[in-house]
Amino acid sequence: MTITQAKPPAPPRPERSTLRHGISVGLARRAWLRLSGLLSLPLFWLVVAYLGALAAMFVTAFWTIDSFTSELDKTFTWENFRTLVGKPVYRTVAVRSLVVAAGVTLIDAVVAMPIALYMAKVAKPRTRALLVVLVMTPLWASYLVKAYAWRVMLSGDGPVTRLVGTVGEPLYGLGATTVVLAYLWLPYMIIPLFAGIDRIPNSMLEASADLGGRTWRTYRSVLLPLLAPALVAGSIFTFSLSLGDLYTAKIVGGTTQLFSNVIYDNLVTANNLPFAAAAGAFPVLVMVIYLAAVKRTGALENL
Amino acid sequence: MILSRAARIWLGTLTSLVLALIYLPLAVVIINSFNSSRTFAWPPPGLTLAWWGKAAQSQGLRDSLWNSIQAGLFATLFALILGTMLASAVARFSFFGRETLSLLVVLPLALPGIVTGVALSNTITTVLHPLGISAGLFTVVVGHATFCMVVVYNNVLARLRRTGGTLEEASADLGADRFRTFRLVTFPLIRSALLAGALLAFALSFDEIIVTTFTAGNFKTLPLWIFENLFRPNQAPVINVAAAALIVLAIAPVWLAHRLGGDAAGGRL
């Protein structure tokens, strides 16, 4: 790199009493003005476009659709919620979705742990930087493409099917959906875990070793408790993303229906917006309970 | 030496194994885009470039690609403006409700995508449609910007926290006004974080399908087009090429963001 001597900076021009100067002084004197200026647009956006839309959804949830004219009937009724709670099929699908989301989270936590440990405590700085890129990259390689890749692998003619020895019979179903979701969201678990392990000073692990703790004991009694917030942060992503997913079940699920598919079918196929809005309350409720339950761990600050 | 030798070897083996597993499906797609068998028999009987030529001719693919680029650029622009403003407020001020606000920003990422999708779809039908606005590029951009904002916010916030406010104060002490300080001090400080955030926001928008499903109307983005053609056997070769191209295209922004930000592709999303 060549170093060129920069011209000595010109002495700052005396600020003239222009409009710009006036604004600048006004802003400098009044912190609240600066703050409200900065907050105005983003808050407007978040509150109107996002929270407003969510609120409107809960209003629509209490409406119905006229089955003859397909017009919205805007009289308040609990009918949609009664159907959702009353019909066994919705309960089955809801429980199935929760089990899948929990399964995906568990698989990801188990698979992510060794990688995160290796990245944070074993790999040398160069390898570690490379590993971070290697883990992050698939996250941005089209979601649809990855689900599709699994469809190819699990197809009647695909590599996995050949490996298992059931050629001609695609391996699509609930199991495939769970595995593919776990595959898709794995980086969301690895990254917070890696960051969490990285923050734990080596001296803690050394102290455990000095006190006679072997690798497994150190892992169980020192590392794991300290990692709880990171695990929770990762699980928010894997759980929420699984719960909100729509296409994986369509692509590798065979006839499997998850709760998101029910919402989609009601909105797009049956054109029943109020019922879809009411059904949308379920994932919101689950996530609100989940977030409230984990708030104490401090994981939310790690998102 | 904190981990036993055996433990380190174990961890290394597991890491390579999982990484191989992560990349295997992607490799299968890329190889299949050259597979000379029309039914994608495995292993491929031969390799061909014919599908790539055919894909380049596909009007549907080209149109949807252009739509996705437009949506991505606008969403990134909105996300940059909103995310930077919000990050500056949170980093440089302490005010009532700051904690709530920083939780509110990540909500679009923390709540399942289908919720955002249904909520926006409902808004389009019940509020925007009577006003004469129908689903299309605009609604897609609004939907995308809501969660793209988070990645810009995270990147800029991390940078602002790391640099502290002292440089801006020094600039003010030397007589620069607010605007000059922003132009000469703050902006250069956060420039690479902005660029990294923008790249990630674009990648996020480019790939999004769930919120898009509910906000797009007849505006077909690339993921929507791919899904529509996923189950049509005669389109399979073109889909394979599009998929392979997307994988390769995804590597560029992440790699760039990582080089630029340091904190960009690293610690968090």
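**Chatting through some helices**

Guide: Let's start with helix H2 of chain A, residues 31–60, in this predicted model. With 30 residues at 1.5 Å a residue, H2(A) should span 44 Å, and its end C-alpha atoms are 41 Å apart, so the two agree.

Visitor: Cool. Where in H2(A) is the kink?

Guide: The kink is at Ser40(A), shortly before the proline Pro42(A), and comes to about 40°.

Visitor: And which residues of H2(A) are buried?

Guide: Leu39(A), Pro42(A), Leu46(A), Tyr50(A), Ala53(A), Leu54(A), Met57(A) and Thr60(A).

Visitor: What do those buried residues pack against?

Guide: In chain A, they pack against helix H13 (273–294). In chain B, their partners are H3, H4, H5 and H6.

Visitor: Back to H13(A) then. How do H10(A) and H13(A) pack, parallel or antiparallel?

Guide: Their angle is about 175°, with the axes 11 Å apart. Angles over 145 degrees count as roughly antiparallel, so that is what H10(A) and H13(A) are.

Visitor: Which residues meet there?

Guide: From H10(A), Val232(A), Phe239(A), Ser240(A) and Leu243(A) meet Pro283(A), Val286(A), Met287(A), Tyr290(A) and Val294(A) of H13(A). That contact has 8 nonpolar residues, 1 polar and no charged.

Visitor: New topic: is Leu61(B) buried or exposed?

Guide: Buried, because 22 other C-beta atoms lie within 10 Å. Leu61(B) sits in helix H3 of chain B, residues 59–92.

Visitor: What is Leu61(B) in contact with, leaving aside neighbours within four places in sequence?

Guide: Ala55(B), Trp225(B), Val238(B) and Ala242(B).

Definitions and conventions:
Residues numbered from 1 in each chain as written. Chains lettered and ligands numbered in written order. Predicted model: local features only at pLDDT ≥ 70, side-chain atom pairs only at ≥ 80, totals over all residues. Helix = DSSP H or I, 4+ residues; strand = E, 2+ residues; numbered from the N terminus. Buried ≥ 20, exposed ≤ 12 C-beta atoms within 10 Å, placed from the backbone. Contact = placed C-beta atoms within 7 Å. Expected span 1.5 Å × (residues − 1). Bend = angle between axes of the 7 residues up to and from the residue. Axes fitted to C-alpha atoms, helices over the stretch in contact; angles between N-to-C directions. Parallel < 35°, antiparallel > 145°, perpendicular 65-115°, else oblique. Nonpolar A, V, L, I, M, F, W, Y, C, P; charged D, E, K, R; others polar.
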